[in-house]
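Grab a pencil and work through these exercises with the structure open beside you. Try each task before you read its solution.

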Amino acid sequence: MTDRPTLRQQQGPTGSRILGVGSFQPERIVTNDDLSKIMETDDQWIRDRVGIIERRFADKDESLVDMAVKAGVNALADAGVDPSEVDTVIVPNCTMPSLIPNAAAQVADRIGIKAPGAFDLNAACAGFCYGVGVASDLIRAGSAGKVLVIGAEKLTDSVDPTDRANAIIFADGAGAALIGGSDTAGIGPVTWGSAGDLVDLIHMREQRYIYQEGQAVFRWATTQIAPIALRALELAGLSPSDVDVLIPHQANLRIVEAIAKRLRAKGAREEMVVADDIRYSGNTSSASIPLALDHMRKAGTAKPGDVVLAVGFGAGLSYAGQAFICP
Amino acid sequence: MPAGIDREHREREHPVADNAEILAGLAEIVEEVAGVAQDDVTAEKSFVDDLDIDSLSMVEIAVQAEDKFGVKIPDDELANLKTVGDAVNYVSANLK
């Protein structure tokens, strides 16, 4: 018998790093007062319940793909990297109107990235952290060189505009991170998981409109997500006191604050900056974390070298988190 | 913290509470979560109508009460707790 052939394996760099960040939001600003003209709600009620002051809605003919392209271009410009250097594009989202084709391939083509590996990833509002985890591991395994991860959502297509529980919360936008190899670790291991037994708490079934059990989701998020964030720190060899910037998925400002409070009870510093981008962006699902990161870098509240802790959570239920160094 | 240790910890700190102690404990929680003065948290008060506490704050109060008293307050039970007195009675009846 002849010798069986052996397969060659490949190995990437030991670490990965976020090289650049970019985002895009539609121009149209929708205030709470605007919403109170079309449904029974008011500015104070919305601020008290969810912390949102205004949000952005895409135009009818402005698509998820359009927004993803712009965010991706901005991330490449931020990193100073040419599209030709990118070999993989991941678009976490849960509101692509068609299952086929996916968003990623056409987004890549329009950015000018030639023939990359391209796929969408649906882990709802946890999608961006899932995407960063996958990108980091693809690079470290040698399967990819530079990965563009773009969380993009057009949630206004999936919300009943007269449903005052959800229409006040969800919005549109896209945020992107370019990830590449590094000799040192710039992205910690992802911790992820799911609770499929709680699938009925958030879904889009009838007419593709979002439904959620607000109270139950609130309880889950305010009690179960901080431990995931702590686990992400532990995996990266960090302590809560090391965190400079906390970016939970921008679901509801009260959930964000509850997570921050639990982390501070475990040693996170009072000076830790906590993302509150939901106030002017609404809940943009898989786009919320990179949108917040980009806005915070531009505002100077997240600085190069800062230890950032990101944690996403949402329908599935699904969750994921990791620590990374702010580019 | 493993569930077993957590339970022992609670039982040590809160052996058996009478209704006055439960009320005082709840008042502390309500003040912390919703900023209502402890003296205003009396048995006959309605959480929603008198104390102006919304449904999400009720969840936060329930979660903290669970930790403090070692009881379970599921969302469907929570919906029935209209007054502070209802909550005191629920905790009292479900204490181990």
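## Exercise 1: Where the chains meet

**Task.** Work out how many residues of chain A and of chain B take part in the contact, and which elements of chain A supply them.

**Solution.** Keep in mind that this is a predicted model.

- Step 1: count each side. Chain A puts 9 residues into the contact, and chain B puts in 7 residues.
- Step 2: look for the elements. On the side of chain A that touches chain B, α2 (43–50) and α6 (214–235) of chain A each supply at least two residues.
- Step 3: pick the top contributor. That is α6(A), which gives the most to this side, with 6 residues.
- Step 4: sort by class. The side of chain A that touches chain B has 4 charged, 3 polar and 2 nonpolar residues.

## Exercise 2: Two domains in chain A

**Task.** Find the domains of chain A, then describe the side of domain 1 of chain A that touches domain 2 of chain A.

**Solution.**

- Step 1: set the bounds. The domain assignment splits chain A into domain 1 (15–182) and domain 2 (191–325).
- Step 2: check the spacing. Taken over C-alpha atoms, the centres of domain 1 of chain A and domain 2 of chain A are 16 Å apart.
- Step 3: count the contact. Domain 1 of chain A brings 45 residues and domain 2 of chain A brings 42 residues.
- Step 4: name the elements on the domain 1 side. Those supplying at least two residues each include β1 (15–24), α5 (127–140) and β7 (172–182) of chain A.
- Step 5: sort that side by class. You get 25 nonpolar, 12 polar and 8 charged residues.

## Exercise 3: Checking a helix

**Task.** Why does the length of helix α7 of chain A agree with what you'd expect for its 13 residues?

**Solution.**

- Step 1: get the expected span. Helix α7 (residues 253–265) of chain A has 13 residues, and at 1.5 Å a residue it should span 18 Å. The rule multiplies 1.5 Å by one less than the number of residues.
- Step 2: compare. The end C-alpha atoms of α7(A) are 18 Å apart, so the two values agree.
- Step 3: list what's buried. In α7(A), the buried residues are L253(A), R254(A), I255(A), V256(A), A258(A), I259(A), A260(A) and L263(A).
- Step 4: see what covers them. The cover includes α2, α6, β11 (245–248), β12 (273–274) and α8 (278–281) of chain A, along with α3 (55–69) of chain B.
- Step 5: look just past the end. Right after α7(A), G267(A) has a positive phi of about 115°.

## Exercise 4: Reading the sheet

**Task.** In what order do the 5 strands of the open sheet in chain A come, and which helices pack on it?

**Solution.**

- Step 1: trace the order. The open sheet runs β1-β7-β6-β4-β5 (chain A), with mixed pairing.
- Step 2: find the edges. These are β1 and β5 (117–121) of chain A, each pairing on one side only.
- Step 3: add the twist. From one strand to the next, the twist averages 20°.
- Step 4: zoom in on one pair. Strand β4 (residues 88–92) of chain A runs parallel to β6(A), joined by 3 bridges. V89(A) stands opposite L148(A) in β6(A).
- Step 5: place the helices. α4 (residues 103–111) of chain A lies across β4, β5 and β6 of chain A, at about 125° to β4(A). α5(A) packs on the sheet too, touching β1, β4, β5, β6 and β7 of chain A, and its direction makes about 165° with that of β6(A).

## Exercise 5: One loop residue

**Task.** Is V81(A) buried, partly exposed or exposed, and which residues is it in contact with?

**Solution.**

- Step 1: locate it. V81(A) sits in the loop between α3 (64–79) and β4 of chain A.
- Step 2: count neighbours. V81(A) has 17 C-beta neighbours inside 10 Å, so it counts as partly exposed. Buried would need 20 or more, and exposed 12 or fewer.
- Step 3: list contacts. Leaving aside neighbours within four places in sequence, V81(A) is in contact with L19(A), G20(A), L76(A), K146(A) and L178(A).
- Step 4: compare sequence with space. V81(A) and G20(A) are 61 residues apart in sequence and 8.7 Å apart in space, C-alpha to C-alpha.

## Exercise 6: Backbone oddities

**Task.** Which peptide bond leading to P101(A) is cis, and where is A115(A), with its positive phi, found?

**Solution.**

- Step 1: recall the background. Most residues other than glycine have a negative phi, and most peptide bonds are trans.
- Step 2: check the bond. The one from I100(A) to P101(A) is cis, with omega near 0°. P101(A) is in the loop between β4 and α4 of chain A.
- Step 3: check phi. A115(A) has a positive phi near 50° without being a glycine, and it lies in the loop between α4 and β5 of chain A.
- Step 4: judge exposure. A115(A) counts as exposed because it has 9 C-beta neighbours inside 10 Å.

Definitions and conventions: Residues numbered from 1 in each chain as written. Chains lettered and ligands numbered in written order. Predicted model: local features only at pLDDT ≥ 70, side-chain atom pairs only at ≥ 80, totals over all residues. Contact = placed C-beta atoms within 7 Å. Helix = DSSP H or I, 4+ residues; strand = E, 2+ residues; numbered from the N terminus. Nonpolar A, V, L, I, M, F, W, Y, C, P; charged D, E, K, R; others polar. Domains from an automatic or database assignment. Pairing = 2+ DSSP bridges. Axes fitted to C-alpha atoms, helices over the stretch in contact; angles between N-to-C directions.
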